[in-house]
Amino acid sequence: MNTDRSLVKKQKNPPKPLKDGTFLFLPYNFDNKSNSIPVLKADKDKQRGRFIGRNGYITSLEKQKSVCINMITPSTSEQIKRTLSDAKEQVGNVKIHNPKDISKSDDGEWILVRMDKTKTNTANIEDVLDDLNDRWESERPEVIYSAIDALYRKHNEHRIHRFTEEHRQKHIASWKVTKYGEEEVAYGTNYFLKVSIGEGLFIHIRIHRHKNQDKYDFYALHEVIRHNIATSVFTEDDPLTYFNY
């Protein structure tokens with residue numbers, strides 16, 4: 001004889017939210033791109049891919065800092081998704097590092113950073129969050145296109161690399177910041193980036209973030225003289241140093 005109880009399926013309890021970690025919101029900023037450059041889904045895929053790829057920034061930072069970093073995707077666990085939902089409502093122990101950025105745009109990616117409890121850890125979570133944010137900002141399309149445009153202007157002047165328009169697209173697609181340094185100044189922050197553009201070629205660029213503003217400007221492409229020839233292309237072994245131009 002069947003009873004109502006036998007027909008009722010046992011429901012799983014919803015996962016409990018995490019008790020530790022910090023969320024970071026990374027907004028996409030395509031507003032300042034030239035109207036001649038279409039805003040495509042591919043742009044977001046490339047920017048996101050440089051973070052979550054096999055050799056992406058997240059994997060690199062996890063190894064360097066002994067932390068756990070998750071970019072929230074459809075396959076993210078329900079526990080982390082619930083924790084994020086609670087954090088947005090200001091409920092629970094896990095907070096959002098940059099809540100003011102959410103009000104500016106809902107188009108972006110969410111990152112969760114936690115200590116790796118399986119390892120001896122002296123990492124400062126705030127430093128990791130700032131590092132992720134700086135690297136994300138350096139991936140802004142307006143910075144990328146401005147730097148590549150500057151490189152091609154230099155190439156047209158010097159004509160030593162035989163770059164073509166086909167190369168331009170490959171350089172944009174291959175863009176990956178491999179090293180960076182920063183300089184605090186009275187009017188903001190200067191960032192010096194070593195960028196891989198593929199095929200063993202690198203450029204050194206300088207960008208500036210205005211004080212108290214969420215605005216980044218391409219400032220300069222580093223140029224040096226080698227054997228009486230000007231060039232803005234470097235090797236992986238060439239050190240990233242301070243420069244004005």
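**Entry 1: strand β2**

I began with C68, which sits opposite R114 in β4. Before going on, I noted to myself that this is a predicted model. Next I asked how β2 and β4 run relative to each other, parallel or antiparallel. They are antiparallel, and five bridges join β2 (residues 67–71) to β4 (residues 108–115).

Then I followed the side chains along β2, and they alternate. V67, I69 and M71 point to one face and are buried. C68 and N70 point to the other face, and they are not buried. So my starting residue, C68, is one of those that are not buried, because buried means under 20% relative accessible area.

**Entry 2: the sheet around β2**

Which strands make up this sheet, and in what order? I wrote down β2-β4-β1-β3, four strands in an open sheet with mixed pairing. β2 and β3 (95–96) are the edge strands with a single partner each, so one side of each has no neighbour in the sheet.

I also checked the β3 end. Strand β1 (residues 22–27) runs parallel to β3, and two bridges join them. There I found T22 standing opposite K95 in β3.

**Entry 3: β6, β7 and β8**

I moved along to β7, residues 201–210. Seven of its 10 residues are buried, so the rest of the structure largely encloses this strand.

How many bridges join β6 to β7? I got 10, with β6 (residues 188–198) and β7 running antiparallel. One pair I looked up was T189 with its bridge partner R209 in β7. The β6 and β7 hairpin has two residues between the strands, and in this hairpin E199 takes a positive phi near 55°.

β7 also pairs with β8 (residues 216–221), again in the antiparallel sense, over five bridges. For I205, the bridge partner in β8 is L221.

**Entry 4: a charged patch**

Last, I turned to the surface. Which residues gather in the patch of negative charge? I listed E126, D127, D130, E182 and E184. Two elements, α6 (125–138) and β5 (176–185), each supply at least two residues of the patch. The largest share comes from α6, with three residues.

I picked D127 for a closer look, and its place is in helix α6. Is D127 buried, partly exposed or exposed? Its relative accessible area is 47%, so D127 counts as partly exposed, since that class lies between the 20% and 50% cut-offs.

Technical notes: Residues numbered from 1 in each chain as written. Predicted model: local features only at pLDDT ≥ 70, side-chain atom pairs only at ≥ 80, totals over all residues. Heavy atoms only, no water. Patch = residues over 30% accessible without salt bridge, like charges linked within 9 Å, V, L, I, M, F, W, Y side chains within 5 Å. Areas by Shrake-Rupley, 256 points an atom, 1.4 Å probe, with all protein chains shown as cover. Salt bridge = Lys/Arg side-chain N within 4 Å of Asp/Glu carboxyl O. Lys, Arg positive; Asp, Glu negative; His and termini not counted. Charge placed at Lys NZ, Arg CZ, Asp CG, Glu CD. Buried < 20%, exposed > 50% of the residue type's maximum accessible area, 1.4 Å probe, protein only. Pairing = 2+ DSSP bridges.
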